[in-house]
Amino acid sequence: MGNNLLRVLFSSTCNSPCSFCVSPKSLNINDTIKLADYIIQNANIVNYLHFNDNCLMSHKAEFLSFLGILESNGLRALPKYGKCRAGLLDILTADMLRYYGFCSLGIGVESFDDRILQDLNKGFSVKEIEK
């Protein structure tokens, strides 16, 4: 078995009211189960998962439930990679992602300039990013 990467898009929606992007709908529960089933069925050829979501934690409860499905099928240790907006990540969530097998998590901060964050209608400040 080589280095077989499975790129996954859990959801491309975002809960931020930014002024510059358009977010398609998120996966519904049936799509989530189908995605988990696909990963489970192909677990013998997949070495790691890369979640391409721009904002992985926009749907935290659903995503953690999805990871729980993978865990209940013996795939918790399958290495996972992804990205998250700083404002949606906290210590507890980071620990949970580590528990579920995340080896790497890119954290996006958009900008360290409050004026730019405000102009983009990001809904958070530099002070919140620093937390």
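**Notes on the fold, core and ring contacts**

1. Val 46 has a relative accessible area of 9%, so it counts as buried (under 20%; over 50% is exposed and anything in between partly exposed, using a 1.4 Å probe and protein chains only). Val 46 sits in the loop that joins H1 to S2. Its C-alpha atom is 6.1 Å from that of Leu 5, although the two residues are 41 apart along the chain.

2. A word on what you are looking at: this is a predicted model, in which local features need pLDDT of at least 70 and side-chain atom pairs pLDDT 80 or more, while totals for chains, interfaces and linings use all residues. Residues are numbered from 1 along each chain as its sequence is written, and side-chain values use heavy atoms, with hydrogens and water left out.

3. Now the overall layout. The protein chain has five helices and four strands (DSSP runs numbered from the N terminus: H or I of at least four residues for helices, E of at least two for strands). Going along the sequence, the order is β-α-β-α-β-α-β-α-α. Of the 131 residues in the protein chain, 34% are buried.

4. The largest nonpolar core (buried Ala, Val, Leu, Ile, Met, Phe, Trp, Tyr and Cys joined through side-chain atoms within 4.5 Å) has 22 residues. Those touching the most other members are Ile 39, Leu 49, Phe 51, Phe 63, Phe 66, Leu 67 and Leu 70. Strand S1 (5-8), helix H1 (29-41), S2 and H2 each give two or more residues to this core. H2 has the largest share, with five residues. Another core, of five residues, lies apart from it and includes Ala 86, Phe 124, Val 126 and Ile 129.

5. Next, the aromatics. Counting rings of Phe, Tyr and Trp (its six-membered ring) with centres within 6.5 Å gives seven aromatic pairs (planes under 30 degrees apart are stacked, over 60 edge-to-face, the rest tilted). Phe 51 and Phe 66 make an edge-to-face pair, because their planes stand at 90°, with the ring centres 6.1 Å apart. This pair links distant parts of the chain, 15 residues apart: Phe 51 belongs to strand S2 (residues 48-51) and Phe 66 to helix H2 (residues 60-72). Phe 51 and Phe 66 are both buried. Ring pairs also join Phe 51, Phe 63, Phe 66 and Phe 102 into a cluster.

6. Have a look at Tyr 99 and Tyr 100 too. Their rings form an edge-to-face pair, 5.1 Å centre to centre and with 75° between the planes. Tyr 99 is partly exposed at 42% relative accessibility, whereas Tyr 100 is buried at 12%. The charged end of Arg 76 sits over the Tyr 99 ring, 4.2 Å from its centre (the rule asks for NZ of Lys or CZ of Arg within 6 Å of the centre and within 35 degrees of the ring normal).

7. How do H2 and helix H3 (residues 91-99) cross, and within what distance do their axes come? The axes (lines fitted to C-alpha atoms, over the stretch in contact, with angles from 0 to 180 degrees between N-to-C directions) come within 11 Å and cross at roughly 25°. H2 and H3 are therefore roughly parallel (angles under 35 degrees; over 145 is roughly antiparallel, 65 to 115 roughly perpendicular, the rest oblique).

8. One last spot: which residue lies in the loop between helix H4 (114-119) and helix H5 (126-130)? That is Lys 122, which is buried at 1% relative accessibility. The C-alpha atoms of Lys 122 and Gly 87 are 9.9 Å apart, with their positions 35 residues apart along the chain.
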